[in-house]
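Here are some notes on the model, set out as numbered points. They go through packing, aromatic pairs, selected polar contacts, backbone angles and the annotated repeats.

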Amino acid sequence: MKPFLTGHADLVHDVSYDFYGRHVATCSSDQQIKVFKLDKETNEWELSDSWKAHDSSVVSLDWAAPEFGRVIASVSYDKTIKLWEEDPDVSELSGKRWQKLCTLNDATGPLFCVKFAPSHLGLRLAALGNDGKLRMYDALESSDLRSWTLTSELSVLPDPPASHLQSDFDLSWCPSRFSTERLAVSAMDRAVIYQRNKQGKLVPAGELPGHKGLIRSIAWAPSIGRWFQLIATGCQDGKLRIYKITENPEADTISSVTEGAVNGNAPGTTESDSTVPLSIELIGEHADHQGEVWSVSWNLTGTILSSSGDDGKVRLWKASYSNEFRCMSVVQASR
């Protein structure tokens, strides 16, 4: 692993690969988004285009699934979500190759995270920010990416955090097409799984316990060949945590679950039924980074977990035959 110069004039907040791993997009406090392409011959990243995307720090971006075209969503402290589409007929390095499709401005506070849903759910995205609201948008027509509608909005915190306090938010969709629509949401020091009930409403289905600081990153693993799900989190308390998620056989139906997590009750509970639809077990907790864990990410098969932290190293984790995750490799960038 070796670094490359992005050319950003300020802190880089997020890096996102496209589906094929041949392009990477970066965003920064300099209000710019940059897209790089991988040169197959030299194996070096070359700048494809760069443009001013927002009027404040750009903190998160994500690529849509390739079947929907070359589309990037970005969010910023300026409280907006913007969608961009590549025009292959415009020359590279012109600053105009990526055209703005639309601006979504329902948020009332800085936005921290945006993620497209898995492609089997259609062209859908979710965004989360400092106003404590999770908002979900659907494209009205996949052939017209300029028209989007707000389909869901729910509070993930009882009250928005005070403006003078440090805050962090993240979300990750369940990638499995064989389960109901779910996503894991981290807001400050809490992480809750939400899923769609029979009435089509997003409701809490369980909480990931044990965090003692701001949750910096959350990642839902692909479940190829597994009967259960895995979620990883990276936390300010210096711990990487891995959770095993299974269907709870004691839960009759999720349609009875209300927003207990939002209203201050136990997540996913009602007054008449305290059974949550998911069983959540902490199966791994590691402090190898010896400082804050800033990012966690799974490979495409969900078998290897990568993490990065204050020690400046990337650690790769893999489950043993007993399903215990152990660090299999430590990678450090060299100049």
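**Notes on the model**

1. F228 and its surroundings. F228 counts as buried, because its relative accessibility is 9% and the cut-off for buried is under 20%. The model is a predicted one. The charged end of K244 sits over the ring of F228, at 4.8 Å from the ring centre.

2. Aromatic pairs. Searching the whole structure gives 11 aromatic pairs. One of them is W227 with F228: the ring centres are 5.1 Å apart and the planes make 80 degrees, so the pair is classed as edge-to-face. W227 is exposed, with a relative accessible area of 67%, whereas F228 is buried at 9%. Elsewhere, F4, Y17, F36 and W45 are linked into a cluster by ring pairs.

3. The largest nonpolar core. This core has 23 residues. The members with the most contacts inside it are I81, L83, F116, L123, L125 and W148. Two or more residues each come from β6 (71–76), β7 (81–86), β8 (98–104), β9 (111–116), β10 (124–129), β11 (133–141) and β12 (144–155). Apart from this core lies another, of 21 residues, which includes C113, F169, L171 and V185.

4. Contacts of L123. Which residues does L123 touch, not counting those up to four places away in sequence? They are A64, F68, F116, Y137, D138, A139, L145 and W148. Of these, F116 and W148 are also listed with L123 among the residues with the most contacts inside the largest core.

5. T26. This residue belongs to strand β2 (residues 23–28). T26 counts as buried, with a relative accessibility of 1%. The side chain of T26 is joined to that of H8 by a polar contact of 2.7 Å. Leaving aside neighbours within four places in sequence, the contacts of T26 are H8, V12, D14, V15, Q32, I33, K34, F36 and L61. F36 in this list is also part of the ring cluster with F4, Y17 and W45.

6. H13. Strand β1 (residues 12–17) holds H13. Its relative accessible area is 29%, so H13 is partly exposed. A polar contact of 2.6 Å runs between the side chains of H13 and S29. With neighbours within four places in sequence left aside, H13 is in contact with C27, S28, S29, S57, V58 and V59. As for a long-range separation, H13 and K239 are 226 residues apart in sequence, and their C-alpha atoms are 21 Å apart in space.

7. H211. Where does H211 lie? The position is in the loop between β16 (202–207) and β17 (215–220). H211 counts as buried, at 11% relative accessibility. The side chain of H211 makes polar contacts with two other side chains: that of T233 at 2.8 Å, and that of Y243 at 3.5 Å. Leaving aside neighbours within four places in sequence, H211 is in contact with D189, A191, T233, C235, D237, R241 and Y243.

8. Positive phi angles. Most residues other than glycine have a negative phi. Q31 has a positive value, near 75 degrees, and is placed in the loop between β2 and β3 (32–38). At 22% relative accessibility, Q31 counts as partly exposed. N43 also has a positive phi, near 60 degrees, and lies in the loop between β3 and β4 (45–52). N43 counts as exposed, with a relative accessibility of 53%.

9. Annotated repeats. From an unreviewed UniProt entry comes the feature "repeat: WD", placed at residues 5–39, 51–85, 208–253 and 286–318. The span 5–39 is 0% helix and 54% strand in the model, with its end C-alpha atoms 15 Å apart. For residues 51–85 the figures are 0% helix and 54% strand, and the end C-alpha atoms lie 13 Å apart.

Key. Residues numbered from 1 in each chain as written. Predicted model: local features only at pLDDT ≥ 70, side-chain atom pairs only at ≥ 80, totals over all residues. Heavy atoms only, no water. Core = buried A, V, L, I, M, F, W, Y, C linked by side-chain atoms within 4.5 Å. Buried < 20%, exposed > 50% of the residue type's maximum accessible area, 1.4 Å probe, protein only. Helix = DSSP H or I, 4+ residues; strand = E, 2+ residues; numbered from the N terminus. Contact = heavy atoms within 4.5 Å. Phe/Tyr/Trp six-rings, centres within 6.5 Å; stacked < 30°, edge-to-face > 60°. Lys NZ or Arg CZ within 6 Å of the ring centre and 35° of its normal. Polar contact = N/O pair within 3.5 Å; in protein donor to acceptor, adjacent residues only side chain to side chain. UniProt positions renumbered as here; feature names shortened; annotations may be inferred.
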